[in-house]
Amino acid sequence: MTKLLIIVGSTRPGRSADAVVPWVVKSAREHGTFDVEVADLRDWPLPHFAEHFGTIGDFNDPTYSDPAVKAWNNKVKEADAFIVVTPEYNHSVPGVLKNAIDTVWLSFGFRNKPVGSVGYSGGISGAIRAIEHLAHIFVEAEAVPLRNTVILPQVGEAFDEAGEPASPMPAAAMGVLLDDLAWWSAALEMARAQGELIPGSFRVRAAVAAATAKA
Ligand SMILES: Cc1cc2nc3c(=O)[nH]c(=O)nc-3n(C[C@H](O)[C@H](O)[C@H](O)COP(=O)(O)O)c2cc1C
């Protein structure tokens, strides 16, 4: 079964995320395709990113500066697909979420895997700007950010007392996102099994070194 890691991107006390995440988890489980696990960044108090080549040790099994950094890299690496649940802070993602993504460094844990986004906000934006930023960030992580997303504006009124969406749109969008995630994770699992290219940054460096040596 495809291992889906749902990353909760807000950690502050009283967060609105707690209205959103149970529905996201339930929807993902009901889809039937995924072995669902939640990575609540509250449970992952990662240090501010401070890795460098001196903290890595063995490139094939990096040590990092802190056991939590290594554990987080391993947690991401063992997943096949991701849903990121994010609010919008100053038109982007929370710093804690960006830090968690940056912390996946040199393990390439997001590489060649699909990422779906669920955004919410207190106002009318539904975190669309944060979701757009997330797509840019995940391209650099060599992940595959999906086109179809779930946006939840005015999150305070978005769910009824049973925790279900108060309007039809979120469930419809979630169904599309999960179908896309299932399709992409199956396609990319197959592709990864057939062999992956060395990360592009390494290949460019090697090609430049080879060209320089020849000159
Ligand atoms: C630091 C900060 C910045 C925010 N910036 C935005 C923003 O740019 N756009 C927006 O629609 N809402 C913004 N909001 C409102 C959030 O969408 C709203 O507070 C939401 O509940 C945050 O999610 P959380 O409670 O799970 O952390 C901001 C809130 C905070 C605390």
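Start by selecting Asn-90, which counts as exposed because only 9 C-beta neighbours lie inside 10 Å of it. You will find Asn-90 in the loop between strand 3 and helix 4. Look at its backbone too: phi of Asn-90 is near 45°, a positive value in a residue other than glycine. Keep in mind as you go that this is a predicted model.

**A second loop residue**

Next, select Leu-106, in the loop between helix 4 and strand 4. Here phi is near 65°, again a positive value in a residue other than glycine. Is Leu-106 buried or exposed? Leu-106 is partly exposed, because 14 other C-beta atoms lie within 10 Å.

**Zoom out to the whole chain**

Now show the protein chain as a cartoon. You should be able to trace seven helices and six strands. In what order do the elements run from the N terminus on? The order is β-α-β-α-α-β-α-β-α-β-β-α-α.

Turn the chain around to see its extent: along its principal axes the C-alpha trace spans about 65 × 35 × 30 Å. The radius of gyration is 18 Å, which agrees with the value near 17 Å for a compact globule, because the chain has 215 residues. Buried residues make up 34% of those 215 residues. Of the contacts with a separation of 6 or more, 78% are between residues 24 or more positions apart.

**Strand 3, covered on both faces**

Select residues 81-87, which form strand 3. How many of its seven residues are buried? Seven of them are, and the strand is mostly covered. Show the side chains: Ala-81, Ile-83, Val-85 and Pro-87 point one way, while Phe-82, Val-84 and Thr-86 point the other way. Each of these residues is buried, whichever way it points.

**From strand 3 to strand 1 and strand 2**

Add residues 2-8, strand 1, to the selection. Strand 1 and strand 3 run parallel and are joined by five bridges. To see one pairing, pick Ile-7, whose bridge partner in strand 3 is Val-84.

Then add residues 34-40, strand 2. This strand also runs parallel to strand 1, with seven bridges joining the two. Leu-4 has Val-36 as its bridge partner in strand 2. Follow the chain from strand 1 through helix 1 (residues 17-31) to strand 2, and you trace a right-handed β-α-β crossover.

**From strand 3 to strand 4**

Return to strand 3 and add residues 114-120, strand 4. Six bridges join these two strands, which run parallel. Two places to look are Phe-82, which stands opposite Val-115, and Val-84, which stands opposite Ser-117. Bring in helix 4 (residues 95-102) as well: strand 3, helix 4 and strand 4 make a right-handed β-α-β unit.

Why is strand 4 described as largely enclosed by the rest of the structure? Seven of its seven residues are buried, so the strand is largely enclosed. With side chains shown, Pro-114, Gly-116, Val-118 and Tyr-120 point one way. Val-115, Ser-117 and Gly-119 point the other way, and these are buried as well.

**Strands 5 and 6**

Stay with strand 4 and select residues 144-145, strand 5. Two bridges join strand 4 to strand 5, and they run parallel. Val-115 has Pro-145 as its bridge partner there.

Residues 150-152, strand 6, come next. Strand 6 pairs with strand 4 in the parallel sense over three bridges. Pick Tyr-120 and you will see that it stands opposite Leu-152.

**A stop on helix 6**

Move on to helix 6, residues 168-193, and select Ala-172 within it. Ala-172 counts as exposed because it has 12 C-beta neighbours inside 10 Å. Try a distance to Val-150, which is 22 residues away along the chain: the C-alpha atoms of the two are separated by 8.9 Å.

**Last stop: the ligand**

Finally, centre the view on the ligand. Which residues are closest to it? Of the 15 residues that surround the ligand, the closest are Ser-10, Arg-15, Ser-16, Pro-87 and Ser-121. Pro-87 is a residue you have already met, at strand 3. Colour the shell by residue type and you will find four nonpolar, eight polar and three charged residues.

Key:
Residues numbered from 1 in each chain as written. Predicted model: local features only at pLDDT ≥ 70, side-chain atom pairs only at ≥ 80, totals over all residues. Helix = DSSP H or I, 4+ residues; strand = E, 2+ residues; numbered from the N terminus. Rg over C-alpha atoms; globule rule 2.2 N^0.38 Å. Buried ≥ 20, exposed ≤ 12 C-beta atoms within 10 Å, placed from the backbone. Contact = placed C-beta atoms within 7 Å. Near = placed C-beta within 6 Å. Nonpolar A, V, L, I, M, F, W, Y, C, P; charged D, E, K, R; others polar. Pairing = 2+ DSSP bridges. Right-handed = clockwise from strand over helix to strand, strands pointing away.
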